[in-house]
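Please open the model in your viewer and keep the selection panel at hand. The stops below go from one selection to the next.

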Amino acid sequence: MNRNTTAETDTHKIPAHLKLPQNHCIINKGARASTNTLRRTTKITIKTFHGLEDAYPEAIDGTSEWFYAQCTPCSEADEVSGFHGNYPGTRLYFFHISGQVTEPVKQEKNVFIDRPVYNPEEGSFGILCYDFNTEIIRLLTYHPQKKEPAVSAQIPMAKAGDLVNVRIVIHPFMLVKHDIHHDAVDFLWPQTRRYEFEEHESLDFIYEGRLVTSKWMEDPDYHEEIIIRDMADGAAVDRRPGFLTAMPDGSRWLMTR
């Protein structure tokens, strides 16, 4: 259903007490004719998705074309044990900006599907599936142009401990677990390794073979730092104030001095 709306702004006389000083310039005199009356037409397109009244599309870091909706009675994998074998399973939908909807991983009882991670270099998504029937964590790689996701890795669930703060990082897809109690990160796949961090420091992503982390502090005011670490030994090779923001085109914006 399309709807055309036209909004008009009329020019009114300005009350004396609101008039600006004579030497205060607002617009160029030559542009006055085009600014006296502002006219804008906005076309609104409504796309209807039947049977998805419980799906709330959310943005995915690194892409402006794809969105996801995660339908589940719990928000994290570590909460599934509380269902005592009766977790209904997660439904994970992908929405393209064109209106295309896909569900590449089908809902299965006692299987929790985590939020997807986008790899802009390959145009693919990483998806974590926690199968409590087999006690296996599967890392799937999904290319939208293909119907079925591929299994990239399978690890025993016990390897991830309490399942808290397990996630996929890029590039490429790697499976890690943040140990926030000891300020460290454990790589679970494709390598098994532990990196010790500073207090309040966490891994953001991997860039050209180095760990890019962020650290927050309050001393006394809140501020952040970006730390670059060598993957070979975990040593810090660069440090600067500021923070990184993931943009829809896949780039990172470094806000610093």
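Begin by selecting strand 12 and strand 13, which pair in the antiparallel sense over 4 bridges. This is a predicted model, and everything described on the tour should be read with that in mind. Within this pair of strands, pick Val166, whose bridge partner in strand 13 is Lys177.

Now widen the selection to the sheet to which these strands belong, an open sheet of 4 strands in the order 12-13-14-15, with antiparallel pairing. Strand 12 and strand 15 are its edge strands, each of them pairing on one side only. If you look along the sheet, the twist from one strand to the next averages 30°.

The next stops are the loops that link these strands. Select Pro172, which lies in the loop between strand 12 (residues 166-169) and strand 13 (residues 174-179). The peptide bond that joins His171 and Pro172 is cis, with omega at about -10°.

Moving along the chain, select Asp183, which is found in the loop between strand 13 and strand 14. Asp183 is not a glycine, yet its phi has a positive value near 50°.

Then go to Pro190, placed in the loop between strand 14 (residues 184-189) and strand 15 (residues 193-196). Here a cis peptide bond joins Trp189 and Pro190, and its omega is about 5°. As background to these stops, most residues other than glycine have a negative phi, and most peptide bonds are trans.

Leave the sheet for another loop, and select Asn110, which lies between strand 6 (residues 101-102) and strand 7 (residues 111-113). Asn110 also has a positive phi, of about 65°, although it is not a glycine. Is Asn110 buried or exposed? Its relative accessibility is 9%, and because buried means under 20%, Asn110 counts as buried.

Add Lys109 to the selection, which is likewise placed in the loop between strand 6 and strand 7. Lys109 has a relative accessibility of 46% and therefore counts as partly exposed. To see what surrounds Lys109, show its contacts while leaving out residues up to four places away in sequence: Lys109 touches Gly85, Asn86, Tyr87, Pro88, Gly89 and Asn133. A distance label is useful at this stop as well, since the C-alpha atoms of Lys109 and Asp131 are separated by 8.8 Å, although the two residues lie 22 residues apart along the chain.

Two cysteines come next. Select Cys71, which is buried, with a relative accessible area of 18%, and then Cys129, which at 0% relative accessibility also counts as buried. How many disulfides are there in the model? With a disulfide taken as a pair of cysteine sulfur atoms within 2.5 Å, the count comes to 0.

Finally, clear the selection and show the whole protein chain, in which there are 1 helix and 21 strands. If you colour the chain by burial, buried residues make up 37% of its 257 residues. Turning to contacts, those between residues 24 or more positions apart account for 38% of the contacts in the chain with a separation of 6 or more. With the surface switched on, the accessible area of the chain comes to about 16,200 Å², and 51% of this belongs to carbon and sulfur atoms.

How values were computed: Residues are numbered from 1 along each chain as its sequence is written. This is a predicted model: local features need pLDDT of at least 70, side-chain atom pairs count only at pLDDT 80 or more; totals for chains, interfaces and linings use all residues. Side-chain values use heavy atoms; hydrogens and water are left out. Helices (H or I, at least four residues) and strands (E, at least two) are DSSP runs, numbered from the N terminus. Buried means under 20% relative accessible area, exposed over 50%, partly exposed in between (1.4 Å probe, protein chains only). Contact means heavy atoms within 4.5 Å. Two strands pair if DSSP finds at least two bridges between them. Axes are lines fitted to C-alpha atoms, for helices over the stretch in contact, and angles run from 0 to 180 degrees between N-to-C directions. Accessible areas come from the Shrake-Rupley method with a 1.4 Å probe; for residues, only the protein chains shown count as cover.
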